Amino acid sequence: MNVELSEDQIMIRDAVRDFARSAVQPRAAEIDRSGEFPADLVKQAASLDLLGIVIPEQYGGTGLDHVSFALFIEEIAAVSGALAVILDVHTSVGSEPILDWGTDEQKARWLPRMASGELLGAFALTEPDSGSDAASLQTAAERRGSEYVLNGTKTFITNMGEAGLYIVMARTGGPGARGISAFVVENGTEGLRFGSPMHKMGLNGSPTGEVIFEDVVVPAKHMLGPEGSGFKVAMKALDSGRIGISAQAVGLGRGALDLAVAYAQERVQFGRPIAQFEGLQFMIADMATAVDAARLMTWQAAAACDRGEDFTHLAAMAKLFSTDTAMWVTIDAVQIFGGYGYIKEFPVERFMRDAKATQIYEGTNQIQRIVIARELLRGD
Ligand code: CAA
């Protein structure tokens, strides 16, 4: 197996790394402090053609593969977890359902504006009483002639209010997974409202909150895929979405590790840099090993996706391993900083707070284990 990146992949990684270090890194702490949506950075990312990275060229994107997508998200997350999740949700679960299920007309209507950054994408599956048990969702879509009328509340929606369109899963039929359909709902549609942004532990600047539907009229031609296939639309989107979250976690782990390595060489105690103590060297070695393993698992899932193979379990394994890794690696990075790691003047605690979300969203790590075990035990 070849684990070398292609010239194109190296080019995109280096271009994103330049953008991340020159434009995003200097702003990351302030975005976390203020919690303000970094609209200017999203615009800059769009001007670098990063918002259409997996959208085909015929729809205005760059048509790159999922390995490139993973490289893109890792580089952004290595400096800002918040910007990484904004761009990740737009690129994966916010756009891919249109790519995978959209008709030519639907693709032509939305993808060029998503690739240019005019429309940011969001994914509305979770509800107050339906999180891990996604098939129990209650938001209703009632057919009236050539339209559907949506009523209900979605919650924990990334890019809430800032997104120009929402991929919305709603109930058109009976109970369970087969009664769900997927719709594209444009921001500005009458009856579509947003809650206040939630005050989160981390990822501040990435707006999260409720999306409320009160008699929202959506043309039937805005349904994605056949009626009743909305759960599959969501699950397929989450398969590739989990590659993005895995890459985000790799970036967070790497970012915290880099900070810890630099600090350990500067911080002098007992007359020498603390990096010279074997206890710390062992910590750093374990952190670096796990981050590298997480990256390889992410690339493995992305490459399988690009080859058109079944990658559901690979994405779930990568997401599980990378996000657990990001959590303990960022905790250990804080430990290496000692007391300075615990105060907000130093950037490392932000990585630890940001990492926690990755173990929860796009399927908790308990759900990932269910997905992995089911795929392995299916017996085909
Ligand atoms: N691809 C295609 N189809 C799939 C699929 C997949 N990966 N997984 C399941 N399906 C199909 C099944 O084949 C089945 O189809 P049939 O009815 O034709 O047999 C149907 O979907 C129902 O599947 P299950 O019986 O497996 O469904 P379930 O109710 O047992 O639930 C689950 C499965 C894996 C637990 C699922 O509910 C799940 O993934 N839950 C977690 C939800 C989640 O990840 N939420 C994240 C919210 S989005 C977010 O966080 C984004 C953000 O803002 C950052």
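## A tour of the ligand site, helix 2 and S181

Begin at the ligand and select K232: an N or O atom in the side chain of this residue is 2.8 Å from an oxygen atom of the ligand. Please keep in mind throughout that the model is predicted.

Next, add D239 to the selection. A polar atom of the D239 side chain lies 3.0 Å from a nitrogen atom of the ligand. Then display the backbone of E362, where a polar atom is 2.8 Å from an oxygen atom of the ligand. With these contacts in view, consider the ligand surface: taken alone, the ligand exposes 1100 Å², and the protein buries 73% of that area.

Now widen the selection to the whole shell around the ligand. It consists of 24 residues, and the closest are S132, T158, K232, E362 and R374. Colouring the shell by class shows twelve nonpolar, six polar and six charged residues.

Which elements give two or more residues to this shell? They are helix 7, residues 230–266, and helix 11, residues 365–377. Select helix 7 in particular, as the largest share of the shell, six residues, comes from this helix.

The domains may be coloured next. Domain 2 spans 121–226 and domain 3 spans 232–376. Both give residues to the shell, so the ligand lies between the two domains.

Leave the ligand and move to helix 2, residues 39–47. Select L41, V42, A45 and A46, which are buried. These four residues cover an arc of only 145° around the axis, which puts them on the same side of helix 2. The general geometry is helpful here: an α-helix has 3.6 residues a turn, so residues three or four places apart point the same way. Rotate the view to the face of helix 2 turned away from the buried side, and select K43 and S47; both are exposed residues carried by that face.

For the last stop, select S181 in strand 5, which comprises residues 180–186. Is S181 buried or exposed? S181 is buried, with a relative accessible area of 0%. Show the side chains of S181 and T172 together: they make a polar contact at 2.6 Å. Finally, display the backbone of G228, whose nitrogen lies 2.9 Å from a polar atom of the S181 side chain. The selection now holds S181 with two partners, the side chain of T172 and the backbone nitrogen of G228.

Technical notes:
Residues are numbered from 1 along each chain as its sequence is written. This is a predicted model: local features need pLDDT of at least 70, side-chain atom pairs count only at pLDDT 80 or more; totals for chains, interfaces and linings use all residues. Side-chain values use heavy atoms; hydrogens and water are left out. A residue is near a molecule or strand if one of its heavy atoms lies within 4 Å of it. A polar contact is a pair of N or O atoms within 3.5 Å; within protein, one must be able to donate a hydrogen and the other to accept it, and residues adjacent in sequence count only if both atoms are side-chain atoms. Accessible areas come from the Shrake-Rupley method with a 1.4 Å probe; for residues, only the protein chains shown count as cover. Ala, Val, Leu, Ile, Met, Phe, Trp, Tyr, Cys and Pro count as nonpolar, Asp, Glu, Lys and Arg as charged, and the others, Gly among them, as polar. Domain bounds come from an automatic or database domain assignment. Buried means under 20% relative accessible area, exposed over 50%, partly exposed in between (1.4 Å probe, protein chains only). The arc is that of the directions from the helix axis to the C-beta atoms.
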